[in-house]
Amino acid sequence: LENPTLIMRTAFRTPIRRLIKPVNTLQTSYIIRRNISFSSTKRYARSLSIVHWAMAAGVLSCFALIEVKKREPKGSNKIGPLMKAHKSIGLLMFGFISVR
């Protein structure tokens, strides 16, 4: 077995210029522009896309239910079920979004 302190000493003897590469600013800007390209073919998994749009539909349906409720006259029998659906979907979305 080798002495661990000897191994550590030799690891720190590596010249710093061998660890750090000189940076060419022109090359760096090209790399940055290339990585931000909008023509990338990488996409999210189909399952993540479905979850994303299902959550978006849930949030939008909560807003839609409130808009429908606003248009109902006071004392209407439809207000109760609309609010129940709004609260149920809202709590479900809150749970899904907080876990995500």
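What percentage of the 100 residues in the protein chain do buried residues make up? Keep that in mind as you load the model, which is a predicted one. The answer is 6%, with buried meaning under 20% relative accessible area.

**Stop 1: the whole chain**

Start with a cartoon view, coloured from the N terminus on. You will pass through five helices and zero strands, so the order of elements reads α-α-α-α-α. Two of these helices, α4 and α5, will take up much of the tour.

**Stop 2: helix α4**

Select residues 46-71, which make up helix α4. If you want to try the distance tool, pick the C-alpha atoms at the two ends of α4: they are 37 Å apart. The 26 residues of this helix should span 38 Å at 1.5 Å a residue, so the two values agree.

Now show the side chains along α4 and pick out M55, G58, C62 and L65, which are buried. What lies over them? Add residues 79-99 to your selection: this is α5, and the cover over the buried residues of α4 includes it.

**Stop 3: two phenylalanines**

Stay with these two helices and highlight F63, in α4. Is F63 buried or exposed? F63 has a relative accessibility of 56%, so it counts as exposed; the cut-off for that class is over 50%. From F63, draw a C-alpha to C-alpha line to G90. The two residues are 27 apart in sequence, and the line comes to 9.5 Å.

Next, move over to F94, which sits in helix α5. F94 also counts as exposed, because its relative accessibility is 60%. Pair F94 with V59 for another C-alpha line: 9.2 Å separates them in space, while their positions lie 35 residues apart along the chain.

**Stop 4: a charged trio**

Go back to α4 and show E67, K70 and R71 as sticks. Which residues does the network of salt bridges link? It links the three you have just selected, E67, K70 and R71. Side chains of opposite charge can pair when their charged atoms come close.

Take the pairs one at a time:

- E67 and K70 form a salt bridge whose closest N and O atoms are 3.2 Å apart. Both residues lie in α4, three residues apart, or about one turn of the helix.
- E67 and R71 form a salt bridge too, at 3.3 Å from N to O. This pair is also within α4, four residues apart and again about one turn of the helix.

The count of salt bridges comes to two. Switch on a surface to see how the trio is placed. E67 is partly exposed, since its relative accessible area is 35%. K70 is exposed, at 57%, and R71 counts as exposed, at 63%.

**Stop 5: the largest pocket**

For the last stop, keep the surface on and select K42, R43, Y44, R46, L48, S49, H52, W53 and R100, the residues that line the largest pocket. Rolling a probe the size of a water molecule over the atoms shows where empty space is left. Here, the largest pocket has a volume of about 250 Å³.

How many charged residues does the lining of the largest pocket have? Colour it by class and you will find four charged residues, along with three nonpolar and two polar ones. Among the residues of the lining you can click on are W53, H52 and R100.

How values were computed. Residues numbered from 1 in each chain as written. Predicted model: local features only at pLDDT ≥ 70, side-chain atom pairs only at ≥ 80, totals over all residues. Heavy atoms only, no water. 1 Å grid on protein atoms, 1.4 Å probe; cavity = no way out; pocket = protein on both sides within 12 Å on 5 of 7 lines; lining within 4 Å. Points joined across faces, edges and corners; volume = space filled by probe spheres on them. Nonpolar A, V, L, I, M, F, W, Y, C, P; charged D, E, K, R; others polar. Buried < 20%, exposed > 50% of the residue type's maximum accessible area, 1.4 Å probe, protein only. Salt bridge = Lys/Arg side-chain N within 4 Å of Asp/Glu carboxyl O. Expected span 1.5 Å × (residues − 1). Contact = heavy atoms within 4.5 Å.
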